[in-house]
Structure formats: C-alpha cells, structure tokens
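Here is a briefing on one protein model. Keep the sequence and the structure in view while reading.

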Amino acid sequence: MDRLLFTLGTICVSLTAGYFLHAAALKGVVSFTEAGLAAFRVRIQRFALFALIPASAMLSIWGMPSFDPHLFLLPLLGLCAWTWGGTLGILIGRILHLNRKATGSLYCCGTFANIGAVGSLVCVVYIGESSIAVVSMYRLFEELFFFSIACPIAQWFGSTQNGERFSLRGIHPDPALAIVLTALVCGFALRLLHLERPAFCADLASGLVIVGTMLFLFAIGLSLKLSSVRLYLRPAFGMILLRFCGVPVVITSLAALLGMGSVDGGTPLKVAAVLSSMPVAMNSLIPPSLYGLDLHLANACWILSTAAFIFLLPILTAILPCL
C-alpha cells in the first residue's frame, strides 16, 4: 500500500504542480511569459532525458550480477509494442469511421506509451533498482523509431493528398539515442573491468529515476490542457482499451514465450508487462502538432488514459507477483 500511495502521489503531485504553475503564469501571478514557460519546460525535460535517466541506466547495468543473452531481445519487444500499438490505433480509427487526421492522431497515441517517466517509476518502486537497466534495453530504439518511422507515418496522415503513397524517409539520428547508447556502453565496460560498484550507487540509481520522473511529469503539467476532452470520449475510450489491454496482452505473452520469465527472477517479463501497460505518452502530441493532425483528440487520449492509469495501477501491481 505504501508503494502504491508513493507512486500515485508522485504522479499526481508532479502533474498538478506543473499545471498550477502554468495557470499562475497565465493569470500573471508569476512572471513567466508563455514563451518563457515553454523554454523552461524544454530545459527540464532535456536535463532529465540527457542526464538523470542515462546516468541511472549506467549505474544499474554496472551493478547487474549477470547479463543474460535474453536481454538482447528486449529492444525487439519495444519495437513490437510500438508497431502493434500504432496498428491498433489505425484500426480503432477505421472502426469509428474517423477522418484521416483523427486516425493519424490515434496512430501516434497508440504507438508511444509513457515508459520513460511513469513506466520507469513503477518499475523501480515495484520491481527494484535492477529493473532500470532492463527498462533502458527495452526502450533502446525508442528515439530512432520515433524520428525514422512514426513521424513520417504521422506526416503521411497529415498530408492533403489521399492518394499519396507512404514511403519511409531516411533515418534521423537523435542526440538522446547517442547518449543512451553511451550510458549503456559505459555500464557494460565497468562490468567487464570487474570494478566493484559502490553500495550507495543502487540507491542513487533509484533516486535519479524518481527525480527524473518528477521533472518529466512536472514539465508535462506545464502544458496540460483540459479543454474539449468530453468531445472525444469514444476514441479516447478505445485508446484506453488499446493501451491497457490490446498491447500488454500481446507483448507480455510474447515476452513469456521468449523465456523472459526465467531471467533474474522474472524481472524482464515484469518490466515488459509494466512498460506495455503504460498510458499515452506526452510525445504522442508532437507529430499531431507538427503535421496538422487532430491535436485535440491526441490531447484527450493522453489526459484520459493518464487518469485511467491511476485507477488501473492497483490491478497492475496485483498481477506483477504472479508473473
């Protein structure tokens, strides 16, 4: 119960603090312009993304007692989760007879879940510090997939030419990918050198994830918009089913078939179950904004799936010990 309250409290307090700071800035209570607030939000996210998360991953890998070859399959599980989720998003759009731009928004929301902030927090609190390295392996190709596949598909949905054929653009390297890879390589190098990790590093790695999560969620709260949510209840409910049923059932089953349950007490299997069950990610709103998709629909899916996750978290944590 303490872990559940801590997790829910961290999520709610961080989001609420960001939302109220944004509201205070709009009312002139604090001296933040809209542009200044946006720049502040980006700096917070970059600090968490480029410093705290990679550092925690390096420390976690350094302290792993052993590295099973099964873990090299985790990036493929991540790719499967994003591909399957996006496919289901398009299917929901077709079933509900939504237009091209709305279907493109559902693709974006179905593709990416909040595994970096909320997913990492749940894994650390309920599985332990050893899960940090597993999370990093699972999301290894996240940035690469986002820029090289998801964004071109979203751009295609936003195009005005319905007959235009889709084609993948060239791969666009992203700094976040290089930093994560560097952190993983450093962690493996320290293990191969047989350097003993100081005892305090385990708590430090967990602390970095928690602080990084709070900063991410605080930044998300700074851009939270609650308007027009009620207009998109049907597609948002479909997205909730996708995020909490359609994707986790398939990905968790696939992880079990790949033998993840026999590795490190089932840690990779539990991580796969948690990360595939996360709500819509904030970066799912970026392509709709860039390519003229239905941004209000994407915003509604993000808000409602995050709210639904608060009520579904106790169910998820009750299932984890059974895996």
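Buried means under 20% relative accessible area, exposed means over 50%, and partly exposed lies in between (1.4 Å probe, protein chains only). By that scale, aspartate 264 is partly exposed, because its relative accessibility is 44%.

This is a predicted model: local features need pLDDT of at least 70, side-chain atom pairs count only at pLDDT 80 or more, and totals for chains, interfaces and linings use all residues. Residues are numbered from 1 along each chain as its sequence is written, and side-chain values use heavy atoms, with hydrogens and water left out.

**Overall build**

- The protein has 13 helices and 0 strands. Helices (H or I, at least four residues) and strands (E, at least two) are DSSP runs, numbered from the N terminus.
- The C-alpha trace spans about 55 × 50 × 40 Å along its principal axes.
- The radius of gyration is 19 Å, which agrees with the value near 20 Å for a compact globule of 323 residues. This radius is taken over C-alpha atoms, and the globule rule is 2.2 Å times the number of residues to the power 0.38.
- Of the 323 residues, 54% are buried.
- Among contacts with a separation of 6 or more, 85% join residues 24 or more positions apart. Contact means heavy atoms within 4.5 Å.

**Surface and charge**

- The accessible surface comes to about 14,500 Å², and carbon and sulfur atoms hold 70% of it. Areas come from the Shrake-Rupley method with a 1.4 Å probe; for residues, only the protein chains shown count as cover.
- There are 18 positive and 12 negative charges, and their mean positions are 12 Å apart. Lys and Arg count as positive, Asp and Glu as negative; His and the chain ends are not counted. Each charge is placed at NZ of Lys, CZ of Arg, CG of Asp or CD of Glu.

**Nonpolar cores**

- The largest nonpolar core has 85 residues, and Val274 and Phe309 have the most contacts inside it. Helix H13 (residues 295–319) gives the most to this core, with 10 residues.
- A nonpolar core is a set of buried Ala, Val, Leu, Ile, Met, Phe, Trp, Tyr and Cys residues joined through side-chain atoms within 4.5 Å.
- Valine 274 is in contact with Gly119, Val122, Cys123, Ile127, Leu316 and Leu320, leaving aside neighbours within four places in sequence.
- A second, separate core has 10 residues, including Leu52, Val124, Ile132 and Val209.

**Helix H6 and the loop before it**

- H6 is largely enclosed by the rest of the structure, because 8 of its 8 residues are buried. Among them are Ile132, Val135 and Tyr138.
- Serine 130 lies in the loop between helix H5 (115–126) and helix H6 (131–138). With 26% relative accessibility, serine 130 is partly exposed.
- Beyond neighbours within four places in sequence, serine 130 is in contact with Ser60, Asp264 and Thr267.
- Serine 130 and leucine 59 are 71 residues apart along the chain, and their C-alpha atoms are separated by 9.7 Å.

**Positive phi in loops**

- Aspartate 264 has phi near 50 degrees, a positive value in a residue other than glycine. Its loop runs between helix H10 (233–257) and helix H11 (267–275).
- Histidine 194 also has positive phi, near 60 degrees, and is likewise not a glycine. It lies in the loop between helix H8 (175–192) and helix H9 (200–222).
- Histidine 194 counts as exposed, because its relative accessibility is 72%.

**Two long-range sites**

- Isoleucine 179 lies in helix H8. With a relative accessible area of 28%, isoleucine 179 is partly exposed.
- Isoleucine 179 touches Phe50 and Pro54, not counting residues up to four places away in sequence. Its C-alpha is 8.6 Å from that of alanine 51, and the two are 128 residues apart in sequence.
- Proline 279 is in the loop between H11 and helix H12 (286–291). At 1% relative accessibility, proline 279 is buried.
- Not counting residues up to four places away in sequence, proline 279 touches Phe112, Ala113, Asn114, Arg243, Phe244, Ser305, Thr306 and Phe309.
- The C-alpha atoms of proline 279 and isoleucine 115 are separated by 8.4 Å, with their positions 164 residues apart along the chain.
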